[in-house]
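Please look over the sequence and the three-dimensional model shown below before reading further. The explanation that comes after it is best read with the structure in view.

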Amino acid sequence: RVHVTILCMPRALDELEAEVGRCYEGEPTWEVMRELQPTIRACSLPSEPFLRLIEANRIDQRISEYATWADLKHYCVHSADPVGRLVLGVLGRAEPDLVALSDDVCTGLQLVNFLQDVPRDLALGRVYLPADDRARFGVTELERPSPELRALLEFEADRARGLLASGDELGRRLGGGRVGRAVALFARG
């Protein structure tokens with residue numbers, strides 16, 4: 001049954017991509033997409049973030065481990081950053097400097113998620129700690145605590161913390177207020 005589900009996923013993603021297209025040109029057939037279409041139109045949301053999220057799911061089907069930080073960051077550009085871009089679109093604030101800050105925050109949040117889920121991801125056959133970072137810290141196994149693993153996790157947490165620091169500026173740039181404070185607090189974890 002799991003094998004069948006995996007084989008069906010590419011087709012489901014193709015169907016979802018077609019539904020996203022129909023949100024922009026035509027009428028979607030899926031109820032959830034019919035519900036989404038008025039928001040897309042009212043907020044002039046671009047299709048790119050939706051398509052990147054779909055591509056993230058395709059990447060998950062092809063790649064289970066990342067060699068470098070650049071490779072993992074490329075994945076986050078698809079899996080995390082589009083969420084912030086959509087939020088900014090709903091807020092009517094898609095200025096490039098805000099998008100860059102939002103991308104940092106979303107990538108940082110994705111990294112925190114990866115760090116929290118190392119055992120769960122391993123059970124699913126996934127490793128989101130870059131191989132070059134693991135080698136740098138001498139981590140040969142992720143299943144057991146070790147000083148090397150702790151040092152690696154601290155390094156990755158510092159990377160995430162640096163990215164999340166953009167949340168304060170993003171919150172200020174959104175004008176403070178309720179939305180700005182919410183964004184800044186969310187970025188603090």
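The paragraphs that follow lead from the overall fold to particular places within it.

The model is a predicted one, and its confidence is therefore a sensible starting point, since pLDDT expresses the predictor's confidence in each residue on a scale from 0 to 100. Averaged over the chain, pLDDT is 91, and 95% of the residues reach 70 or more. The elements of the chain do not share one value: helix α8, residues 131-136, has the highest mean pLDDT, 98, while α11 has the lowest, 74. At the start of the chain, residues 1-8 stay under 50, and the model gives them 0 contacts beyond four places in sequence. Where pLDDT is low, the predicted coordinates should not be read in detail.

With this in mind, one may turn to the fold. The chain contains 11 helices and 0 strands, so that reading along the sequence gives α repeated from beginning to end, since helices and strands are taken as DSSP runs numbered from the N terminus. Along its principal axes, the C-alpha trace spans about 55 × 50 × 20 Å.

How do two of these helices meet? The axes of α6 and helix α10, the latter formed by residues 166-173, come within 9 Å and cross at roughly 145 degrees. This crossing of α6 and α10 is left-handed. On the side of α6, the residues that take part are D97, L98, L101, S102, D104 and V105, and they meet S166, G167, E169, L170 and R173 in α10. Sorted by class, the contact of α6 with α10 comprises 4 nonpolar, 3 polar and 4 charged residues.

Helix α6 also takes part in the largest pocket. The volume of this pocket is about 270 Å³. It is lined by 15 residues, of which G84, V105, C106, L109 and F186 are the closest to its centre. Two or more lining residues are given by each of α5 (81-91), α6 (96-116) and α11 (177-187), and α6 supplies the largest share, 5 residues. The lining of the largest pocket has 11 nonpolar residues, 4 polar ones and no charged ones. V105 thus appears in two settings, because it is named both in the contact with α10 and among the residues closest to the centre of the pocket.The model also holds an enclosed space. The count comes to 1 cavity of 30 Å³ or more, and the largest cavity has a volume of about 50 Å³. The residues that line the largest cavity are F114, V118, D121, L122, R126, V127, Y128, L129 and L142. Helix α7, residues 118-123, contributes the largest share of this lining, 3 residues. By class, the lining of the largest cavity has 7 nonpolar, no polar and 2 charged residues.

A single residue may close the tour. F155 lies in helix α9, which covers residues 147-164. Leaving aside residues up to four places away in sequence, F155 touches D133, R136 and F137. Between the C-alpha atoms of F155 and R52, which are 103 residues apart along the chain, the separation is 28 Å.

Note on methods: Residues are numbered from 1 along each chain as its sequence is written. This is a predicted model: local features need pLDDT of at least 70, side-chain atom pairs count only at pLDDT 80 or more; totals for chains, interfaces and linings use all residues. Side-chain values use heavy atoms; hydrogens and water are left out. On a 1 Å grid over the protein atoms alone, a cavity is a set of points where a 1.4 Å probe fits but cannot get out, and a pocket is an open set with protein on both sides within 12 Å along at least five of seven lines; lining residues have an atom within 4 Å of a point. Grid points are joined across faces, edges and corners, and a volume is the space filled by probe spheres set on the points. Helices (H or I, at least four residues) and strands (E, at least two) are DSSP runs, numbered from the N terminus. Ala, Val, Leu, Ile, Met, Phe, Trp, Tyr, Cys and Pro count as nonpolar, Asp, Glu, Lys and Arg as charged, and the others, Gly among them, as polar. Contact means heavy atoms within 4.5 Å. Axes are lines fitted to C-alpha atoms, for helices over the stretch in contact, and angles run from 0 to 180 degrees between N-to-C directions. A crossing is left-handed if the near helix is turned anticlockwise from the far one by less than a right angle, and right-handed if clockwise.
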